[in-house]
Amino acid sequence: MAVIAVYPGSFDPITNGHLDIIDRGLRCFDELIVLVGYNPAKKFLFTVDERIDMIKTVIGDEPRLSVDTSDGLIVDYVQQKGARVILRGLRAMSDFEYEFQMALINRRLNRDVETVFLMTGSKWFYCNSSIIKEASSLGGTVTGMVPDYVFRKLKEKYPKLKNNNS
Ligand code: ADP
């Protein structure tokens, strides 16, 4: 039976760190669904449609990979799709407490769904959407942290952002 995993997150915007988790997730699971979630506690720079557009553009054509959105509970979505795994990435210790709580809550909500963590690649340890947005808004550089398409979308929001190669 095919093992389907769901990779939920804000992806505001998708970064090279997320892409690394997606690539490695595809080596572990038969199918992967990137799920752009709606988190009422967060303010987003990009709309859900913009975030989905960026993800679809940068992942290209891979039949085992799809992108979706949901405003409900992740475990409910996972079950609806006949999936069994929630995939998450772990960077620093600071991620751990939140991720641990989420995994325990999701387990309590549905014991048939397992959360699986992949450690970040060392190159992506400091790569996170919040830092990228902050650096962009202050006219910094985000070289090497986001794909070119995402860089262009950030530049539309923050014209002061320094060019990727400068
Ligand atoms: P959320 O808003 O749910 O934290 P994010 O879009 O920030 O969503 O991240 C989604 C998932 O990807 C989370 O599990 C996060 O830890 C992971 N992730 C984000 N950036 C990286 C990175 N550089 N390396 C590994 N995992 C990452």
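## Reading the fold

Helices (H or I, at least four residues) and strands (E, at least two) are DSSP runs, numbered from the N terminus. By that count, the chain in this predicted model has six helices and five strands. Starting at the N terminus, their order is β-α-β-α-β-α-β-α-β-α-α.

How compact is the chain? Its radius of gyration is 16 Å, close to the 15 Å given by the globule rule for 166 residues, so the chain is as compact as a globular protein of that length. The C-alpha trace spans about 50 × 35 × 30 Å along its principal axes.

## Inside the chain

Let's look at the interior next. Of the 166 residues in the chain, 41% are buried. Contacts also link distant parts of the sequence: among those with a separation of 6 or more, 70% are between residues 24 or more positions apart.

## Two nonpolar cores

The largest nonpolar core holds 31 residues, and the members that touch the most others are I14, I22, L32, I55 and L154. Two or more residues come from each of these elements: the strands β1 (4-9), β2 (31-37), β3 (65-70) and β4, and the helices α1 (16-28), α2 (48-59) and α6 (148-157). A second core, separate from this one, has 10 residues, including I4, Y77, V78 and I86.

I55 is a good residue to find in the viewer. Which residues does I55 contact, leaving aside its neighbours within four places in sequence? They are F11, I14, V34, V36 and V67. One of these partners, I14, is itself among the core members that touch the most others.

## A closer look at β4, α4 and β5

Now follow the chain through one stretch. Strand β4 (residues 85-90) and strand β5 (residues 114-119) run parallel and are joined by six bridges. To place one such pairing, find L87, whose bridge partner in β5 is V116. Together with helix α4 (residues 93-109), the two strands make a right-handed β-α-β unit.

Helix α4 has 17 residues, and from its first C-alpha to its last it reaches 25 Å, close to the 24 Å expected at 1.5 Å a residue. Which residues of α4 are buried? They are D95, E99, A103 and N106. The cover over the buried residues of this helix includes α3 (74-80) as well as β4 and β5, the two strands of the β-α-β unit.

Methods. Residues numbered from 1 in each chain as written. Predicted model: local features only at pLDDT ≥ 70, side-chain atom pairs only at ≥ 80, totals over all residues. Heavy atoms only, no water. Pairing = 2+ DSSP bridges. Right-handed = clockwise from strand over helix to strand, strands pointing away. Expected span 1.5 Å × (residues − 1). Buried < 20%, exposed > 50% of the residue type's maximum accessible area, 1.4 Å probe, protein only. Contact = heavy atoms within 4.5 Å. Core = buried A, V, L, I, M, F, W, Y, C linked by side-chain atoms within 4.5 Å. Rg over C-alpha atoms; globule rule 2.2 N^0.38 Å.
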